[in-house]
Amino acid sequence: MRRFGVAFGAAVISALVLSGCFTVGRNFVSTPVKRIEKGVTTKADVKKEFGEPFRTGLDDGYESWTYVYNRWTPFTQTRSKDLYIVFNKDGTVRSYTFNSNLD
């Protein structure tokens, strides 16, 4: 009985991988990235443009927000973009990085 369960589970996972796609995060508009200014743009500005972050954390004691969009399909190149922002103690942008392979 256990052997059937393992085989069935493997078949289901294989079918999902071959027939579908997987997405992590939420696709976000990247145009406003050009308007981010270190020491000027605030958390409220960022949230207004990009919404709630996918993940929050600390980077050397400074608050950080990450926006992520990754989409995998079996027969196409992975589509991804990410925006990583670190904030000063006063709530303005300290630094940021943006990477994307989308047009």
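Me: Is Thr41 buried or exposed in this structure?
Reply: This is a predicted model. Thr41 sits in the loop between β1 and α2. Its relative accessible area is 10%. The cut-off for buried is under 20%, so Thr41 with its 10% counts as buried.

Me: Which residues does Thr41 touch, leaving out those up to four places away in sequence?
Reply: Thr41 lies in the loop between β1 and α2. Contact here means heavy atoms within 4.5 Å. The residues touched by Thr41 are Arg35, Ile36, Val46, Gly91, Thr92 and Val93.

Me: How many Å separate the backbone nitrogen of Glu37 from a polar atom of the Thr41 side chain?
Reply: The Thr41 end of this pair is a side-chain polar atom. The Glu37 end is the backbone nitrogen. The distance between them is 2.8 Å.

Me: What is the pattern of helices and strands along the sequence?
Reply: The protein has two helices and five strands. Read along the sequence, they give α-β-α-β-β-β-β.

Me: How many residues make up the largest nonpolar core?
Reply: Members of this core include Phe28, Val33 and Ile36. Trp65, Tyr67 and Leu83 are also among them. The full count is 11 residues.

Me: Which element gives the most residues to this core?
Reply: The elements that give two or more residues to the largest nonpolar core are α2, β3 and β4. The top contribution is three residues. That element is β4.

Me: Which residues are in contact with Phe50, leaving aside neighbours within four places in sequence?
Reply: Phe50 belongs to the largest nonpolar core. Its contacts include the core members Phe28, Val33, Ile36, Tyr67 and Leu83. The full list for Phe50 is Arg26, Phe28, Val29, Pro32, Val33, Ile36, Tyr67 and Leu83.

Me: How many salt bridges does a search of the whole structure find?
Reply: Glu49 pairs with Arg35. Glu63 pairs with Lys43. Glu52 pairs with Lys47. The search of the whole structure finds three.

Me: How many residues apart are Glu49 and Arg35?
Reply: The side chains of Glu49 and Arg35 meet at 3.3 Å, N to O. Glu49 is in helix α2, residues 43-50, while Arg35 is in the loop between β1 and α2. The pair links distant parts of the chain, and the separation is 14 residues.

Me: What is the distance between the closest N and O atoms of Glu63 and Lys43?
Reply: Glu63 is in strand β3 and Lys43 in helix α2, 20 residues apart. Glu63 is partly exposed at 29% relative accessibility. Lys43 is partly exposed too, at 26%. The closest N and O atoms of the pair are separated by 2.3 Å.

Me: Which residue of the Glu52 and Lys47 salt bridge is exposed?
Reply: The closest N and O atoms of this pair are 3.5 Å apart. Lys47 has a relative accessible area of 35%, so it counts as partly exposed. The cut-off for exposed is over 50%. At 53%, the exposed residue is Glu52.

Me: Where is Thr66 found?
Reply: Thr66 is buried, with a relative accessible area of 10%. Beyond residues up to four places away in sequence, Thr66 touches Pro53, Phe54, Arg55, Leu83 and Tyr84. Its place is strand β3.

Me: How far apart in space are the C-alpha atoms of Asp82 and Phe98?
Reply: Asp82 is in strand β4, residues 76-87. Asp82 is partly exposed at 29%. Its contacts beyond four places in sequence include Thr97, Phe98 and Asn99. Asp82 and Phe98 are 16 residues apart in sequence, and their C-alpha distance is 5.7 Å.

Me: What accessible area do Phe22, Val24, Phe54 and Trp72 have together?
Reply: These four residues form a nonpolar patch on the surface. Trp72 lies in strand β3. Trp72 is partly exposed, at 37% relative accessibility. The patch has a combined accessible area of about 360 Å².

Me: What share of the exposed area do carbon and sulfur atoms supply?
Reply: Of the 103 residues, 23% count as buried. The protein exposes about 7300 Å². The share from carbon and sulfur atoms is 56%.

Notes: Residues are numbered from 1 along each chain as its sequence is written. This is a predicted model: local features need pLDDT of at least 70, side-chain atom pairs count only at pLDDT 80 or more; totals for chains, interfaces and linings use all residues. Side-chain values use heavy atoms; hydrogens and water are left out. Helices (H or I, at least four residues) and strands (E, at least two) are DSSP runs, numbered from the N terminus. Buried means under 20% relative accessible area, exposed over 50%, partly exposed in between (1.4 Å probe, protein chains only). Accessible areas come from the Shrake-Rupley method with a 1.4 Å probe; for residues, only the protein chains shown count as cover. A nonpolar core is a set of buried Ala, Val, Leu, Ile, Met, Phe, Trp, Tyr and Cys residues joined through side-chain atoms within 4.5 Å. A polar contact is a pair of N or O atoms within 3.5 Å; within protein, one must be able to donate a hydrogen and the other to accept it, and residues adjacent in sequence count only if both atoms are side-chain atoms. Patches are made of residues with over 30% relative accessible area and no salt bridge: like charges are joined within 9 Å, nonpolar side chains (Val, Leu, Ile, Met, Phe, Trp, Tyr) within 5 Å.
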